[in-house]
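Dear colleague,

I am passing on the structure below, and I would be glad if you could look through it at your own pace. My notes follow it, written for someone who has not seen it before.

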Amino acid sequence: TKNGEGYVHDNIEASVTALQKICSTHNIETEVSDDPSVFTDENLQRFQVIIFSNTNNEGFDTNEQRRAFVRYIRAGGGFMGIHSACASERQWPWFWANMGGFFVRHPKLQEFDIKIIDADHPSTNFLPDTWTWEDECYLMNHLNPGIHILLAVDLRTIEDDQIDEYPGDIFGNYFPLAWYHEFEGGRQFYTALGHKIEHYDDSNFVRHLEGGLMWILSDQMPLDYSNVGEVEIQLIESEN
């Protein structure tokens with residue numbers, strides 16, 4: 001739940017509680033931390049999934065912590081990002097690729113329609129074809145071409161005076177909000193939803209999170225560090 005300098009969501013405690021309840025239901029042990037020093041090879045080998053729950057800005061303090069995270073993913077570790085996690089590590093393109101996209105901006109909090117793009121995934125198979133939801137509608141770039149889109153906002157239902165500037169007509173009437181993919185040996189799930197505290201008591205949203213987590217775990221093998229190789233960290237000047 002580490003947040004660097006900048007905006008910190010007030011939903012973090014609620015998100016952690018919801019995730020702990022989900023994991024408890026499936027007899028999964030959890031640990032919670034906002035201390036990036038836990039990112040070492042020895043410690044990360046204990047985990048099946050790492051969840052960035054409403055993290056924001058810089059999540060790591062050192063490149064060695066970043067290397068441990070890369071090695072974990074390449075060894076087959078699972079990763080899940082929630083809401084503002086896509087705005088974490090704003091200088092690290094590898095992290096954006098692992099997440100599946102990188103935060104640009106969001107219109108004001110409002111109600112909008114969500115189109116279910118893939119209704120067969122466990123994070124979506126219980127939702128109506130069109131899901132009306134109130135949230136911050138995150139708009140991202142650097143979308144990884146390997147992502148499999150699950151949910152997309154109907155941009156025609158968004159009030160946004162900058163929509164012609166970005167995303168314009170690049171994505172037509174829809175913009176991706178949730179997806180899954182496999183990246184460098186790991187399994188990843190991300191949802192842009194979840195800004196409000198009360199979202200983490202909403203049965204549909206909690207099932208959405210649960211389905212994403214269980215998909216990651218559904219085909220996981222023991223971590224294998226034997227072919228991870230050298231890890232080079234390349235940071236760039238922040239875009240945001």
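Here is what was found, going from the chain as a whole to a single strand.

Please keep in mind throughout that this is a predicted model. The protein chain has five helices and nine strands, and along the sequence these follow the pattern α-α-β-α-β-α-β-β-β-β-β-β-β-α. The C-alpha trace spans about 50 × 40 × 30 Å along its principal axes. The radius of gyration is 17 Å, which agrees with a compact globule, because such a globule of 240 residues would have a value near 18 Å. Of the 240 residues, 54% count as buried, while the accessible surface of the chain comes to about 11100 Å², with 45% of it belonging to carbon and sulfur atoms. If one takes the contacts between residues at least 6 apart in sequence, 77% of them join residues that are at least 24 apart.

Turning to the sheet, seven strands form an open arrangement in the order β1-β2-β9-β8-β7-β4-β5, and their pairing is mixed. At its edges are β1 (49-53) and β5 (130-135), each of which pairs on one side only. On average, and with direction ignored, neighbouring strands of this sheet are turned by 20 degrees against each other. Helix α5, made of residues 203-217, lies across β1, β2 (78-82), β5, β7 (148-154), β8 (174-183) and β9 (186-191), and it runs at about 170 degrees to β9.

Strand β4 may be a good place to look in detail. In general, the strands of a sheet pair through backbone hydrogen bonds, in either a parallel or an antiparallel sense. Strand β4, residues 110-116, pairs with β5 in the antiparallel sense over six bridges, and on this side D113 stands opposite T132, while K115 has T130 as its bridge partner. With β7, strand β4 also pairs in the antiparallel sense, here over three bridges, and I116 stands opposite L151 of that strand.

Which residues of β4 make up its covered face, and which its uncovered one? The covered face consists of Q110, F112, I114 and I116, whereas E111, D113 and K115 form the uncovered face. As a general point, side chains in a regular strand alternate between the two faces of the sheet. Two residues of the uncovered face thus appear in the pairing with β5 described above, namely D113 opposite T132 and K115 with T130.

With kind regards

Note on methods. Residues numbered from 1 in each chain as written. Predicted model: local features only at pLDDT ≥ 70, side-chain atom pairs only at ≥ 80, totals over all residues. Heavy atoms only, no water. Pairing = 2+ DSSP bridges. Helix = DSSP H or I, 4+ residues; strand = E, 2+ residues; numbered from the N terminus. Axes fitted to C-alpha atoms, helices over the stretch in contact; angles between N-to-C directions. Contact = heavy atoms within 4.5 Å. Rg over C-alpha atoms; globule rule 2.2 N^0.38 Å. Buried < 20%, exposed > 50% of the residue type's maximum accessible area, 1.4 Å probe, protein only. Areas by Shrake-Rupley, 256 points an atom, 1.4 Å probe, with all protein chains shown as cover.
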